[in-house]
Amino acid sequence: MSHRDNPIAIQLYTVRAPASQDFPGTLRKLAAGGAKAVEFAGYGGMPVPELKELLQELGLRVSGAHIPIPMWESNTEQSLADLKALGGEYAVVPWVPEERRNSLEAARTLAASLDVWGSAARNAGLGFAYHHHAFEFDPLPDGNGATLFDILVQETDPALVGFEIDVYWAARGGVDPAHLLRELNGRVPLMHLKDLGPAPERIDVPAGTGELDWADIRAAGQEAGVRWEIVEQDNPNPDDPVADTLLALRNMEA
């Protein structure tokens, strides 16, 4: 099992193709395959009370949900209330469009917004985190060597804003994932587990089937205070993303 107190969760973005056709059926398949927890990226159009009943029936816990920036800006309270009603623990900003991250001023504005949203999450009884990709580790054009990631770490309140470290995207961004986790000790409640495929494409593959050093990464995560490990793939096998997800889960539980 996971060496955390919580089971390993599954980011449902991985199974977005089958979930878009049959959301409850996909959750049932994952639970039947051994899933014990999920991280949402949308609720498949299901009413929250109905989804809550299904989660209880399947014995699935909720690590949290990815909530897109437009929802933070237009529907904060309802988004947080829905997540809380589902038993979720962390509200996550999943991605930032380029025009909101391509200058030092944009980076600072984003950092200020994260503090505001993190405060709203705390007031709702939830944790809050920012999920990165690789672009956060590129130097800002006018940042004098600073990256977007640097700014977000330095200019947000550690009491309000955590980070969901995606170990694959860290590696793709030229950063050692274990080192990054140790640097952010106490600010990393969530960690995405996906693996680094072979050169030259370096496409993401199920955790445990690529080149990352999982023993070192997971030990660093534990030292840094990671509460939830979450398996995810951006590019799962299109023929059977559920199988890829469950393979990653088994590998990480082994």
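Tutor: Helices here are DSSP runs of H or I with at least four residues, strands are DSSP runs of E with at least two, and both are numbered from the N terminus. Keep in mind that this is a predicted model.

Student: Okay, where is P94 found?

Tutor: Look for the stretch that leaves strand 4, residues 90-93. Helix 6 is the element on the other side. P94 is found in the loop between strand 4 and helix 6.

Student: Is P94 buried or exposed?

Tutor: The cut-off for buried is under 20% relative accessible area. P94 has 16% relative accessibility, so P94 counts as buried.

Student: Which residues is P94 in contact with, leaving aside its neighbours within four places in sequence?

Tutor: Start with H131, which is 37 residues from P94 in sequence but 5.0 Å away in space, C-alpha to C-alpha. H131 also turns up in the contact list. In full, P94 is in contact with H66, I67, P68, H131 and H133.

Student: Which residues line the largest pocket?

Tutor: P94 is one of them, and its contacts H66, P68, H131 and H133 are also in the lining. The pocket has a volume of about 210 Å³, and its lining divides into five nonpolar, four polar and two charged residues. The full set is Y13, A41, G42, H66, P68, P94, W95, H131, H133, E232 and D234.

Student: Y13 is on that list. What does the side chain of Q11 reach at 2.8 Å?

Tutor: Q11 sits in strand 1, residues 9-11. At 0% relative accessibility, Q11 counts as buried. Its contacts include A41, H66 and E232, which are also pocket-lining residues. As for the 2.8 Å partner, the side chain of Q11 reaches the backbone nitrogen of Y13.

Student: And what does the side chain of T14 reach at 2.9 Å?

Tutor: T14 lies in the loop between strand 1 and helix 1. With 3% relative accessibility, T14 counts as buried. At 2.9 Å, the side chain of T14 reaches the backbone oxygen of Q11.

Student: Which residues line the largest cavity?

Tutor: A search of the whole structure finds one cavity of 30 Å³ or more, and about 40 Å³ of space lies in it. T14 is in the lining, and T14 is in contact with V231, E232, Q233 and T245, among others. The lining is T14, L193, P206, A207, V231, E232, Q233, T245 and A248.

Student: How do the residues of that cavity lining divide?

Tutor: E232 is in this lining, and Glu counts as charged. Overall, the lining of the largest cavity divides into five nonpolar, three polar and one charged.

Student: Which elements give two or more residues to the lining of the second largest pocket?

Tutor: About 160 Å³ of space lies in that pocket. Its lining has 16 residues, with Y90, F128, P158, G162 and P189 nearest the centre. The elements giving two or more residues are helix 6 (104-123) and strand 5 (127-131).

Student: Let's move to helix 10. Which residues are buried in helix 10?

Tutor: Helix 10 covers residues 214-224. Its buried residues are W214, I217, R218, A220, G221 and A224.

Student: Why do the buried residues line one face of the helix?

Tutor: An α-helix has 3.6 residues a turn, so residues three or four places apart point the same way. Seen down the axis of helix 10, the buried residues line one face because they fall within an arc of 155°.

Student: What covers the buried residues of helix 10?

Tutor: Both helices and strands take part. The cover includes helix 8, helix 9, strand 7, strand 8, strand 10 and helix 11.

Student: Which residues does L184 touch, not counting residues up to four places away in sequence?

Tutor: L184 is in the loop between helix 9 and strand 7, and its relative accessible area of 5% makes it buried. From L184 to A224 is 40 residues in sequence, yet 6.7 Å in space, C-alpha to C-alpha. The residues L184 touches are F149, V153 and I165.

Student: And which residues does N185 touch, on that count?

Tutor: N185 is found in the loop between helix 9 and strand 7. Helix 10 runs over residues 214-224, and that is where to look for the partners: N185 touches E223 and A224.

How values were computed
Residues numbered from 1 in each chain as written. Predicted model: local features only at pLDDT ≥ 70, side-chain atom pairs only at ≥ 80, totals over all residues. Heavy atoms only, no water. 1 Å grid on protein atoms, 1.4 Å probe; cavity = no way out; pocket = protein on both sides within 12 Å on 5 of 7 lines; lining within 4 Å. Points joined across faces, edges and corners; volume = space filled by probe spheres on them. Buried < 20%, exposed > 50% of the residue type's maximum accessible area, 1.4 Å probe, protein only. Arc of directions from axis to C-beta. Contact = heavy atoms within 4.5 Å. Polar contact = N/O pair within 3.5 Å; in protein donor to acceptor, adjacent residues only side chain to side chain.
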